[in-house]
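Got your viewer open? Let's take a walk through this structure, one selection at a time.

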Amino acid sequence: MYTAVPTTPMPGGILLRDPLRLNPTSPLPNRILGSLPGSERAILLSQAEYVVIPAGQMLASPGEVPAAAFFPDRGAFCWLGDMSTGHHVAVAIVGTDGLVGISSVLAITRHNFRAIALFESSGYRLPTESLRRAFKEFDFFRAGVLAYVGRQIIEISSHVACNRIHSHSQRLARWLLMMADKSGSTSLKITHEVLAQVVGGPRHAVTMGLNKLGTEGAIAHLRGQIDILDRARLRRNACECYVEPDRPCGDGGGVH
Ligand SMILES: [Zn+2]
């Protein structure tokens with residue numbers, strides 16, 4: 001039987017009152033939380049804090065198991081590997097489709113990556129102890145988390161092939177589509193410098209790629225903001241590795 005764990009405020013982020021918690025039938029944008037039956041959802045949310053995470057804030061550090069898991073309902077996070085050469089390599093994006101902090105339920109005690117907020121993000125922060133208990137005792141929650149692990153394995157695997165074969169401009173278009181899908185917004189507040197870290201390659205290559213997409217009318221970009229104007233046109237610039245989200249329209253997450 002699930003035993004409630006007393007919650008204590010955790011550092012980082014701005015604590016907000018969560019209006020959705022008051023109504024257990026409200027749709028939740030986070031895919032995992034939104035798929036839960038009312039009983040599991042009510043107990044999980046009673047253990048969670050609703051917070052806003054500023055862009056650039058780190059949620060997980062190399063070599064550490066996070067003190068809490070985070071379920072975004074807006075915004076997105078990037079897992080980055082920092083190489084000794086000074087290069088930063090993006091390996092995955094987590095948005096409304098999943099959670100940050102999954103290592104604590106998968107027996108991963110050490111890893112070499114950090115998770116940072118790509119944009120200002122909001123969602124539910126759940127203490128690691130509560131996450132572990134829910135994973136052990138809640139069938140629907142465990143199934144939702146494992147399904148997400150499966151989706152992330154496929155996504156990370158596709159990055160390996162993509163980074164070897166496809167051009168920078170193709171990867172740039174792909175990452176922009178993925179960011180929009182996972183954050184649930186076609187307006188992305190991100191600098192060329194951060195985007196260069198995510199896509200890989202020099203900053204000027206990002207600038208050239210964005211200028212090309214802007215000339216074609218696929219996007220507009222100005223002062224750290226990229227707006228997707230023509231999704232179909234952007235899609236045609238991306239490589240075959242981009243896969244449309246499999247979430248049905250209207251379930252509260254992603255851009256379709
Ligand atoms: Zn590709």
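## Stop 1: two loop residues

Start by selecting R223: this residue is exposed, because just 6 other C-beta atoms lie within 10 Å and 12 or fewer counts as exposed. You'll find R223 in the loop between β10 (219-222) and β11 (225-228). Check its backbone too: phi of R223 is positive, near 45°, and R223 is not a glycine.

Now jump to A107, which sits in the loop between β6 and β7. What is the sign of phi at A107? It's positive, about 60°, although A107 is not a glycine. A107 is exposed, with 6 other C-beta atoms within 10 Å.

## Stop 2: zoom out

Before going on, keep in mind that this is a predicted model. Show the whole protein chain as a cartoon and you'll have 8 helices and 11 strands to look at. How much of the chain is buried? Of its 256 residues, 39% count as buried. Contacts in the chain often reach far along the sequence: among those between residues at least 6 apart, 77% join residues at least 24 apart.

## Stop 3: an open sheet

Next, select β3, β7, β5 and β6. These 4 strands make an open sheet in the order β3-β7-β5-β6, with antiparallel pairing. Which strands are at the edges? They are β3 (58-60) and β6, each of which pairs on one side only. Tilt the view to follow the twist: on average, neighbouring strands of this sheet are turned by 35° against each other, direction ignored.

Stay at the β3 edge for a moment. β3 pairs with β7 (residues 113-117) in the antiparallel sense, over 2 bridges. Pick A60 and look across: opposite stands A115 in β7.

## Stop 4: a covered helix

Time for helix α6, residues 192-199. Is α6 mostly covered or mostly open? It's mostly covered, with 6 of its 8 residues buried. To see them, select V194, L195, A196, Q197, V198 and V199.

Now bring back the surroundings. Among the elements covering the buried residues of α6 are β5 (77-82), β6 (88-94), α5 and α7. So the sheet from the last stop turns up again here, since β5 and β6 belong to it and help to cover α6. Just after the helix comes G200, whose phi is positive, near 90°.

## Stop 5: α7 and its two partners

Two packed helices are described by the angle between their axes and the distance between the axes. Try that on α6 and α7: their axes come within 8 Å and cross at roughly 100°. Angles of 65 to 115 degrees count as roughly perpendicular, and α6 and α7 are therefore roughly perpendicular to each other. To light up the contact, select H192, E193, L195, A196 and V199 in α6 together with R203, V206 and T207 in α7. Colour them by type and you get 4 nonpolar, 2 polar and 2 charged residues.

Finally, add helix α5 (residues 168-183) next to α7 (residues 203-216). The axes of α5 and α7 come within 10 Å and cross at roughly 70°, so these two are roughly perpendicular to each other. On the α5 side, the contact is made by H168, S169, L172 and A173; on the α7 side, by A205, V206, G209, K212 and L213. This contact divides into 5 nonpolar, 3 polar and 1 charged. Leave V206 selected as you finish: this α7 residue takes part in the contact with α6 and in the contact with α5.

Definitions and conventions
Residues are numbered from 1 along each chain as its sequence is written. This is a predicted model: local features need pLDDT of at least 70, side-chain atom pairs count only at pLDDT 80 or more; totals for chains, interfaces and linings use all residues. Axes are lines fitted to C-alpha atoms, for helices over the stretch in contact, and angles run from 0 to 180 degrees between N-to-C directions. Angles under 35 degrees count as roughly parallel, over 145 as roughly antiparallel, 65 to 115 as roughly perpendicular and the rest as oblique. Two residues are in contact if their C-beta atoms, placed from the backbone, lie within 7 Å. Ala, Val, Leu, Ile, Met, Phe, Trp, Tyr, Cys and Pro count as nonpolar, Asp, Glu, Lys and Arg as charged, and the others, Gly among them, as polar. A residue is buried if 20 or more other C-beta atoms lie within 10 Å of its own, exposed if 12 or fewer, and partly exposed in between; C-beta atoms are placed from the backbone. Two strands pair if DSSP finds at least two bridges between them.
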